[in-house]
Each structure stands twice: as C-alpha cells, then as structure tokens.
Protein chains: 2
Amino acid sequence: MADLMERLSLNQITTEKWSLKEAVDGCVRAEIPWISIWRHKIAEIGLQESKRIVKDAGLNVSSICRGGMFPAPTAKEREERLDDNRRAVEEAAELGTDTLVLVCGPSPDRDIDTARNYVEEGIEKLVPFAQSHGVKLGIEPLHPMYAADRSVINTLGQANTIAEKYSPEQVGVVVDVFHVWWDPELYQQIERAAGRIVGFHVSDWIVPVPDIFKGRGMMGDGVIEINRMRQAVEQAGYHGPIEVEIINQAIWDRPGDEVLREIKERFSKHV
Amino acid sequence: MADLMERLSLNQITTEKWSLKEAVDGCVRAEIPWISIWRHKIAEIGLQESKRIVKDAGLNVSSICRGGMFPAPTAKEREERLDDNRRAVEEAAELGTDTLVLVCGPSPDRDIDTARNYVEEGIEKLVPFAQSHGVKLGIEPLHPMYAADRSVINTLGQANTIAEKYSPEQVGVVVDVFHVWWDPELYQQIERAAGRIVGFHVSDWIVPVPDIFKGRGMMGDGVIEINRMRQAVEQAGYHGPIEVEIINQAIWDRPGDEVLREIKERFSKHV
C-alpha cells in the first residue's frame, strides 16, 4: 500500500451516531477503503446483515472493536467474559478481518496487580480459539487516565511483554497515538514491537482536553507528533490500514459526511 | 516520627479558597503539624508576612509548591523561568523548608523530546543555587494526562533518571499517589528511588474523574492502594511529612474546617 490514502480506515466510533449501514455508505461516498467495526453496532442488526452490508459495499474491515474486559471478581464471571471474547473472535472471522482489538479491562477493586494477572490469563485462554479462527489478538494499551475504568494495560511496554509470550501470528499490539504519545519509552517500545504491530490508530490530543472519555481531537488540532509515530511504526514493519478513531461529542454532533471530508484532508496532511 | 498523625501535612491547594493566614489558623485548630505552601498564596501577602504567620503559629513547612516550568521557546524565556525558580528557592529557604517541589512544565510545541531536554538543562542550572541555599529540588512526575499542559516528566522512572545525576542532597523525587498509581513499574521505581524520596503526597483517584485538573478525591473514595504505597516509600527510607494534596472543586466549596476534620479521619484510616 504505497499510497497513504489507500490505508485510511474509518473507526466506526468516530461517527457514533451512524448505524453500520450509514457508516458503510458514508465510506463509499467518501472513497474511504477500510472500516473498523464496533460490536454494539453489529448487535443492532445482527452479524449476517452486518456481513452482507460490508460485503456488498466492497469495503475492507481493518479490525473489530473490541474484545478484552478480562478482569472480574469471580472465576465464573471471568469465564463469561471469555465466552464473550469468543463471540468477538467469531464476529471478526465472519466479517473478514484477522484483527480483534483488545481493550483489556479495569480492575474490579483496588488490586491492580491481580487485575493485570487476570488479563494475562484471559489472553492465554483466548489464544487457541482465536488462532483456530485465523484471528490475531491486538493488545491496545490505553492511556493511564483510563487505568481505573477501562484498562489496566497502560503502556506499550506492558503490551509488548504480554504479546512476546506468543507468536506474532497469535498476539500483537495496537498503537493508538492518543494513548501512548506521552510515553518516554515510546519509540524504543515501537521498535521492540517490530513485526508485531497489528494496528495503528490516529486522532490528536487537544489542550485543554474537553472530556476524559469523549475528548479526542481531529488530527492536526493537538500536540501529537503523528507523522513521526507513523514513520516509527513503518520502520517497525507495519504498513497496514490506519484507523481514524476520534471519540468526541462535538465531532459526533456534526454531519457525518462533513466529518469524513475533514478526516481525509487532515489525514493527508498530518498522518 | 513514629506516629502517623505527626507526619500529616496540609498541602495548601486542598483549601484553595483560604489565604495563607486562614490555612495556617485552620491547621492550628485541627492540630495538623505541617503545611505545604503555594507561591501564589505567598505572593498575596509577601514573603516576610508569610514567614511571620507560619513562625508565630509554630507550624512546620514540608515544602514549597512549586518551581519548575522550565521549557520555553527561546533561550531568553528559559532564563526568565530560571530566575523565577531562584526566587522559589529563596522563598523555600526563608520559610524554613529544605524542599522545593518541581512541576517541570509542558512543551511549548509538539516537540516533547526537546522539552524534556529543557527540563534537564533547567535543573542542571538551578542545582548550585538551590544547594547554596540548603534547598533540595524534588522532581514530581505528573500523570501522563498532564503531559501536554503541565509537565513532560510523567513517570517516576524519568524523575529517577534525572535525579540520579546528582547527590540526594541536591535532587530528589516526590511521589504523589494520584500521578503514579497506575504505573506498572511503580514499586520497582520506588525502590530505585531509595534515599532520594523528598515528599509523599496523598489523595485518591475517583471513578469517574469529575474533571481533568480538579478531579482528585479524598483518600478512601477511590481506587489507589495508598497504604501499600506508603509502606513502599517507607521501605525506601522516606519517613518525612505526608502531604494531603486534593485539587477538587467540590472540596474547595466546603468549609475548610470540615474538610480538615475529614482529612484527619481519612488519613488515619487509609494512609
């Protein structure tokens, strides 16, 4: 994929108000070749209808968001989480992507070390099932400000340490600029992840951040050295789709087609 | 200081609506033996008056907040920041504390590596002046969510790496539970900081965080393993004052005496 625009993928959360059909149609109108699909949007219409919509449009699916959420207080609940992850793997395989993004989950209590162990256990149990479906698990470290409520995996270093227990065909890492840009070990950890990066997500860190969850900015509006990071992940061997994943209420409130036009312009300039 | 309550210090930002005089009087009423003083509160009444108030009350000063803010786009501006840091050192010495807390400052642009170099340069230039005044510089890593607007020093590992270039009499580190609790390397880095910890700050991480800046919680209301961290810093040789530093609008809006009562109760239970 020599041409950068051929790698552009709409992560569906960026147009949260759109259904899957609307998002797919929007990508077709905007000539965006890839889409990353969220499971709550699949659930709205069912897996088979989702598959038909994507296939008819001729779109490529860069990933499914998301598996993970492994830690839970009881063994029974952790087993239920694993079941849900198995469904996510099946959905990824059915929709024609080899990548399931893992948002690993928060701790159910103050004991963050144990929660991190639950994540490792969950991945270990999920790997054989995922592999048998041709799906790689992509561990996405989340920004430390989400350590209490979304994920106890908060640095690329942590994600690498877990992923390295497996072959790159089984477990990789996802680099999202919003989550990792601040890390003093960033470029060293990207290099360490060579051959194992299964996704690259872009947005921006705007100042001030308008909201902890819905506070991401459009590329170019913030402080992240996005282009430098793209070059680093390419040096580390990643040349796959680049997802634009912007969780921002103000952007959700704008017409989707307008947002997609802006994404294309900013993507070509700042990514 | 065998008794924990004898180590309790009110970091003045916790009662932001109080003047220095009001905060000092509040500590005396509540029998809180230490206070950490903020420079904008000194500026309101002048250094000599501040000194008189603290001395008359017989309070101990655990630290001055804050020096730092080293990165700036031009050499001239960086020199002005250094001048301001020298004033902060003088204020610390005058007020009878040997610790100046450094909030190192954000990058003036997207180039975070250069900003980090400016921090190292600034500290290097400040050390001789501080040492001649009997003041240690305490590098406080700030949570990565402040990397864009408050400090490019975001992990205890970074702070340790800088501090280790100096003797423990010159440069140490400040461990604030709110900023570092999420770090997978936390306990390893606390151990590494042995003999060099010059401050320990407590509050809590509440879910959901009500505000990025003014979002800290009262000890016990959140997810941080505060007691575990206190034991770790003690293992690493720190037995000095423990500052309660809570930046939270709802707490600021409550009567100060009531807040101090709650602090004492929570401190004895959760710290």
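The questions and answers below concern a predicted model of two chains, A and B.
Local features in this predicted model need pLDDT of at least 70, side-chain atom pairs count only at pLDDT 80 or more, and totals for chains, interfaces and linings use all residues. Residues are numbered from 1 along each chain as its sequence is written, and chains are lettered from A in the order in which they are written.

Q: By what turn can chain A be laid on chain B?
A: The copies are superposed by least squares on the C-alpha atoms of residues with pLDDT of at least 70 in both. Chain A then lies on chain B with an RMSD of 0.0 Å and a shift of 0.0 Å along the axis, after a turn of 180°. That is the relation of a two-fold axis, and the turn asked for is 180°.

Q: How many residues of chain A are in contact with chain B?
A: Two residues are in contact if their C-beta atoms, placed from the backbone, lie within 7 Å. On the side of chain B there are 19 such residues, and 100% of the contact residues of chain A recur in chain B. The number for chain A is 19.

Q: Why do the buried residues of helix H1 of chain B lie on the same side of H1(B)?
A: A residue is buried if 20 or more other C-beta atoms, placed from the backbone, lie within 10 Å of its own, and helices are DSSP runs (H or I, at least four residues), numbered from the N terminus. In H1(B), residues 20-30, the buried residues are B:Leu20, B:Ala23, B:Val24, B:Gly26 and B:Cys27. They are on the same side because the arc they cover, taken from the directions from the helix axis to the C-beta atoms, is only 160°.

Q: Which residue follows H1(B) with a positive phi?
A: The buried residues of H1(B) pack against elements of chain B that include strand E1 (8-11) and helix H11 (256-270). Just after H1(B) comes a residue with phi near 60°, and this is B:Glu31.

Q: Which residue of strand E7 of chain B is the bridge partner of B:Val173?
A: B:Val173 belongs to strand E6 of chain B (strands are DSSP runs of E, at least two residues), and six of the six residues of E6(B) are buried. Two strands pair if DSSP finds at least two bridges between them, and four bridges join E6(B) to E7(B), which run parallel. The partner of B:Val173 in E7(B) is B:Ile197.

Conventions. A residue is buried if 20 or more other C-beta atoms lie within 10 Å of its own, exposed if 12 or fewer, and partly exposed in between; C-beta atoms are placed from the backbone.
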